[in-house]
Amino acid sequence: MDNRDGHKDRTDGQLTPNSPIFPAPLAVFRVGFGLMMALSIVRFWWNGWIEKLYLEPTYFFSYRYFEWVKPLGPWTYGLFVLAFISAIMVMVGWRYRLAIVAFFLSFTYIELMDKTTYLNHHYFVSLLSLLLIWLPAADYFSVDKGTDPNARVPRWTIDALKIFVGVVYFYAGLAKLNSDWLLEAQPLSIWLPAKYDIPLLGGLVHERWVHYAFSWSGAAYDLLITFLLLWRPTRPWAFVAVVVFHVLTRVLFPIGMFPYIMIVSALVFFSGEVHERIIHALIKTSKSLRAIIQKITPIYPGNLRMSNISGARPQVQKEAVKKQGPLPGFIVATILLAHLLVPWRYAFNPGELFWTEAGYRFSWRVMLMEKAGYLTYKVVDPRTGKRRTINPADHLTTFQNKQLATQPDIILEFAHHIATLHRQKNGPLPAVYAESYVALNGRGSRVYVNPDVNLTAITEDTPRTAWLMPFEDIIHGL
Amino acid sequence: MQRLLFLLFTGLVLFASACDKDGANDDEPMTIDFDRRAMLTVWSEAIISPAYSGFNDQLGILQDAWETYLFESGDAELADFKVQFDAAYANWQRLSPVLMGKAEEIRLRAQINTYPTDVDLIGQNVVSATAINFDLPSQTTAQGLPALDYILYGSDAAARLTDAGYRVYVSRLIERMRALTTIALDDWRANAEAFVQNDGNSATASIDRTVNDYIFHYEKFLRAGKVGIPSGAFSDDPLPNRAESLYGGKSKILFQQSLLYAKSFFERPRSLTGYLDALNVMRDGELLSIRIKNQFGAIEDAAADLNEDFALQVSTDNGAMLALYDEMQKLVVLLKVDMLQALSINVDYVDADGD
């Protein structure tokens, strides 16, 4: 095992998870994460999505056990302000533990407010921020601790991040091992031709071979990239591939900050030396920034320990590495175990995953399906037998309505909501049926929900195969 | 090595941000056998502009016919006025699906064709001493073509048409329709060029917006407005009084005209049919464009034997109306799910991130 990872390693004895290692990678990761998160929140606000997703709708879809998590009216802005401030605090490493906990709680609350806004990269951020609570990420290059050249952290804290990022890629790759993706080049065959107006590639995106090339290389990238990043000889080229891949996906698909977050996260695979160089570059930039600031504003808060970040005065510490205690390691191991196991829960549910979506979320199935749908409900009053069609678009925002049409648990929840509304107005519980069609990955539209099943009799625990139409095709693979 | 990485990274980031712009990119030649800008040109020159000028001109003819009737007050003049009114209603069917921009802003469709019209409110307006502000949302149901339909064809029409108050009212309604249409028409003419230039693939580009408006019109005004609501699909009971042309009893022909324009918008070789075929969109072994065309045919067949007056049809044999509604419903799914998906057109105007 090569010892050039961190030139200040203790080289006597074998390398164990607890071996002390210079914390530069952790620090750079923390700074990058905080910065990306702060930018994400600003972007979210700037695009008006706080209003569009959390203030305009009159109904919100809840996650099981989290029905009590709802938007807070005007106080919802407060959540975003809190998340932003704590992200900045994480970035500079000021009161790190408090900041990262605050960030985790506020960001996760935001995510839990409405199921229709679920995105894989938001799940990534939530889980990662939970993980970061237990990592000593502010032990170096932070306002809390300054830059102590003798600081050390146990090796496992950095390995945990590598495992975390690696699992995301690898599972995303496994998810692509299915017949729709590889043999039909779906859904890229639908998405790529629409990008006819991008430079360079625009002329090629309708070609069939391009669809297959993108599908196969995307799968290969996801499966292999972690290993290429881990192995030192291939690491620089792997990072080039990371940048190319994510920038390309950014151009092609509306996936927000995710590509940049992943590029920054992939840095964790580099050696301590690389990270030290990054930190030196950041220090130099901050010095020049400080000089500029001091020129502009003569009054400069000197009580913050920014002076420590000059690196001019190394503090000599007696202990080489702070004793972490067993608890953080244990919790991190538990989080990583959950990270590895949760994506497989779909296997316990019957039916085709792409159709029923039972266990589809939280499994790193990223940009894997093109599913569009159309849905109206039919409400039948049991006393009079009278029936009327309810258009969910009259009760939901366009965004929510689009998510509704293809996701069974959301369809079911809204059916129950309609029944409740009807009962409040008219008395007895009505029967609610869905007239619903879905087109999946280039197949023609099909009836989705069984139109003869009364959805008020169905619960979250009823197997979805019992109330959705059977999927009359086979998708091979994972 | 690191410098190379840094340069590469910066270059790619700049590339990415440069690519991520809304709408217009007019540098790249079209390399598949379908010209999107030509499609927009067809829409603009062969569909939208003629629709606007057709309706606008017909309103002018209508006004002339009315003034002739006021002057002469004869049966021949009245008959001619009715003919011109029916023609105006028919021309409206051509314009309604393609209203965008300013027309939406001034609520043109609502003020020209909201039905059922409010008979009592019209009566109040006619005798009102104070000036009526037709811009108010509350006055939407007392103006436009349905109001004229009532005055012209409702029971006791003869009495109304000779009443001074109603005559003034009719003049005002026609003037108002002309004024509103002129505003929308002038705005369209000013922006037609920009419309054609905006041939990108973003949610705010012309293709997305036009297709969304087309489908919205089909779903809400053609399917629900003309057939679904009167037949009681959205209510407990059928609502014959919500039919179009309630007093004139000419709902079927208006329906068929509207359907015809919807079909021709789709079926032109340089319009959506051509686009789908150029992308070779097959669904279940058949070209999607053929499936849609066939469904249009099925709708025409279902409507063929209905009564000219939908209100009467609903009252006597609603089953036939519901059968028509079911066929129209199938087309909604083909357009909204299959077609939009195949063309990667977003339903929402401003999309959030997708994952």
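Me: Which residue in β4(A) is the bridge partner of A:Lys378?
Reply: This is a predicted model. Strand β3 of chain A covers residues 371-380 and is joined to β4(A) by four bridges, with the two strands running antiparallel. For A:Lys378, the bridge partner in β4(A) is A:Thr389.

Me: In what order do the four strands of the open sheet in chain A stand?
Reply: Strands of a sheet pair through backbone hydrogen bonds, either parallel or antiparallel. In this open sheet the pairing is antiparallel. The order is β4-β3-β5-β6.

Me: Which strands of chain A stand at the edges of that sheet?
Reply: An edge strand here has a single partner strand, so one side of it is left without a neighbour in the sheet. That description fits residues 387-390 and residues 446-447 of chain A. These strands are β4 and β6.

Me: What radius of gyration does chain A have, and why is chain A called as compact as a globular protein of that length?
Reply: Chain A contains 16 helices and six strands. For 478 residues the globule rule gives 23 Å, and the value for chain A is close to that, so chain A is as compact as a globular protein of that length. Its C-alpha trace spans about 85 × 50 × 45 Å along the principal axes. The radius of gyration is 25 Å.

Me: What percentage of the residues in chain A is buried?
Reply: A residue is buried if 20 or more other C-beta atoms lie within 10 Å of its own. The share is taken over the 478 residues of chain A. Buried residues make up 42%.

Me: How many residues does domain 2 of chain A give to the contact with domain 1?
Reply: Domain 1 of chain A consists of 18-151 + 281-324, and domain 2 is 370-466. Domain 1 brings 10 residues to the contact. Its touching side divides into four nonpolar, two polar and four charged residues. The number from domain 2 is 10.

Me: Which helix gives the most to the largest nonpolar core?
Reply: The largest nonpolar core has 119 residues, and those touching the most other members include A:Ile411, A:Ala434 and B:Met339. The top contributor is a helix of chain B, residues 36-72, with 13 residues in this core. That helix is α2.

Me: Which residues does B:Met339 touch, not counting residues up to four places away in sequence?
Reply: B:Met339 is among the members of the largest nonpolar core that touch the most others. With residues up to four places away left out, its partners are B:Leu276, B:Leu288, B:Ile292 and B:Leu334.

Key
Residues numbered from 1 in each chain as written. Chains lettered and ligands numbered in written order. Predicted model: local features only at pLDDT ≥ 70, side-chain atom pairs only at ≥ 80, totals over all residues. Domains from an automatic or database assignment. Contact = placed C-beta atoms within 7 Å. Nonpolar A, V, L, I, M, F, W, Y, C, P; charged D, E, K, R; others polar. Core = buried A, V, L, I, M, F, W, Y, C linked by C-beta atoms within 7 Å. Buried ≥ 20, exposed ≤ 12 C-beta atoms within 10 Å, placed from the backbone. Rg over C-alpha atoms; globule rule 2.2 N^0.38 Å. Pairing = 2+ DSSP bridges.
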